[in-house]
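Colleague: Could you walk me through this model before I start looking at it on my own? I would like to begin with the metal and then jump around a bit.

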Amino acid sequence: MDRYAVLVFREQSITDDEQLAFTRHFGELEAYRTPGHVRPRSEQRLGPGMADFSNLDKHGNIIAADDRVWFFKLADRLWHSDSSFRPVPAKYSLLSARVLPSWGGNTDFADMRAAYDALDTRTKAEIEDLVCLHSLIYSRQAIGFGDLSPEEMAAFRPVRQRLVRTHPVTGRKSLFLSAHAGAIEGWAVPEARMFLRDLTEHATQREFVYSHVWRPGDLVMWDNRQVMHRARRFGDRNEIRDMRRTTLAGDAPTIEQAEDHAA
Ligand code: OGA
Ligand code: MN
């Protein structure tokens, strides 16, 4: 994982319990609870520890095109890093494909280490100590969905993340970008948004991207500290795409990262 950041295990037919057991070999499950989240526990299809990345409701029906839960999910098609809107962002995510649509629905991964390395020295110096604000509100607003309750707004208050982070094992630097990033501390918002867009465009060029074409049973595991990812559109919304994720907690806020860490 430290070296490749994305690992693919083809055609594993695993149950939720097996996925959870496998995940726990690599650390602690992420255990954030968001009060009054878009989908309360009673409305969820999967058990504790399993994040539902399908287009299904708890009865197994396809979520309606105008359902706010669907609008929320759509923003996963923007480049992001999981839980970058949490004070301690996620370490690994493990995504298992159970049922796939007949067209589209790939998941793309962009290598944020390679993207960082390819920056010019002036930009590297400029971003070295920058701190961004990340919130689910920013990534949802980016696709025109701003219909959040006061409770959700409070739960998704922006958190601070360094823009350049250093991997705790390899010491390699990477760009910590995400659709959840909507501001840079000390910068005017339009200036910050434009700069973040520019960096994201740089970081997601073809040469830094692996596009995973799913087969049923595939398990893909990635290091959110080193890559961004996004879901791709699929052709027919009446087809099922049943994807299930387990997530490992990160070990520290990026903000506390030693500023003189080995390059
Ligand atoms: C995720 C995610 C992408 C996909 O599981 O965190 O963003 O392709 N999923 O479903
Ligand atoms: Mn994700």
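Modeller: We can go through the metal site, the ligand and then a few individual residues, keeping in mind throughout that this is a predicted model.

Colleague: Fine, so which residues coordinate the manganese ion (ligand 2)?

Modeller: The manganese ion (ligand 2) is held by His80 through NE2, by Asp82 through OD and by His229 through NE2, with a distance of 2.1 Å. Along the chain, these donors of the manganese ion (ligand 2) follow the spacing H-x1-D-x146-H. The pair of Asp82 and His229 thus links distant parts of the chain, 147 residues apart, with Asp82 in the loop between helix H2 (68-74) and strand E3 (92-99) and His229 in strand E12 (residues 227-231).

Colleague: And are Asp82 and His229 buried or exposed?

Modeller: Both Asp82 and His229 are buried.

Colleague: What surrounds ligand 1?

Modeller: The surroundings of ligand 1 consist of Phe53, His80, Asp82, Leu95, Thr107, Trp222, His229, Ala231, Arg241 and Arg245. The metal donors His80, Asp82 and His229 appear in that list as well.

Colleague: Which side chains come up to its oxygen atoms, and at what distances?

Modeller: An oxygen atom of ligand 1 is 2.7 Å from an N or O atom in the side chain of Arg241. For the side chain of Asp82, the distance from an N or O atom to an oxygen atom of ligand 1 is 3.1 Å, and for the side chain of His80 the corresponding distance is 3.2 Å. Of the 290 Å² of accessible area that ligand 1 has on its own, the protein covers 99%.

Colleague: Staying around Asp82 for a moment, what does Asn224 touch?

Modeller: Not counting residues up to four places away in sequence, Asn224 touches Ser81, Asp82, Ala90, Lys91, Tyr92, Ser93, Arg165, Phe176 and His229, so two of the metal donors, Asp82 and His229, are among its contacts. Asn224 itself lies in the loop between E11 and E12, and its side chain makes a polar contact with the side chain of Ser93 at 2.9 Å.

Colleague: Why do you count Asn224 as buried?

Modeller: Asn224 has a relative accessible area of 1%, and the cut-off for buried is under 20%.

Colleague: Changing topic, which residues of helix H1 are buried?

Modeller: In helix H1, which runs over residues 16-24, the buried residues include Asp16, Gln19, Leu20 and Thr23. They lie on the same side of H1, because they cover an arc of only 100° around the axis. The cover over the buried residues of H1 includes E3, strand E11 (219-223) and strand E13 (242-247).

Colleague: I also wanted to ask about backbone angles: what is the phi of Glu11, and what is that of Ser83?

Modeller: Glu11 has a positive phi of about 45° although it is not a glycine, and Ser83, which is not a glycine either, has a positive phi of about 60°. Glu11 is in the loop between strand E1 (6-9) and H1, whereas Ser83 is in the loop between H2 and E3. With a relative accessibility of 49%, Glu11 counts as partly exposed, while Ser83, at 5%, counts as buried.

Colleague: How far is Asn106 from Arg232, in sequence and in space?

Modeller: Asn106 and Arg232 are 126 residues apart in sequence, and their C-alpha atoms are 5.2 Å apart in space. Asn106 sits in the loop between E3 and strand E4 (107-111), and its side chain makes a polar contact of 3.3 Å with the side chain of Ser211. The residues that Asn106 touches, leaving out those up to four places away in sequence, also include Arg241, whose side chain comes up to ligand 1.

Colleague: And in strand E4, which backbone nitrogens does the side chain of Asp111 reach?

Modeller: Asp111 lies in strand E4, and its side chain reaches the backbone nitrogen of Arg113 at 2.9 Å and the backbone nitrogen of Ala114 at 3.3 Å. Leaving aside neighbours within four places in sequence, Asp111 is in contact with Phe208, Gln226 and Val227.

Terms used:
Residues numbered from 1 in each chain as written. Chains lettered and ligands numbered in written order. Predicted model: local features only at pLDDT ≥ 70, side-chain atom pairs only at ≥ 80, totals over all residues. Heavy atoms only, no water. Donors = N, O, S within 2.8 Å, 3.2 Å for Na, K, Ca; no water. Helix = DSSP H or I, 4+ residues; strand = E, 2+ residues; numbered from the N terminus. Buried < 20%, exposed > 50% of the residue type's maximum accessible area, 1.4 Å probe, protein only. Arc of directions from axis to C-beta. Contact = heavy atoms within 4.5 Å. Near = heavy atom within 4 Å. Polar contact = N/O pair within 3.5 Å; in protein donor to acceptor, adjacent residues only side chain to side chain. Areas by Shrake-Rupley, 256 points an atom, 1.4 Å probe, with all protein chains shown as cover.
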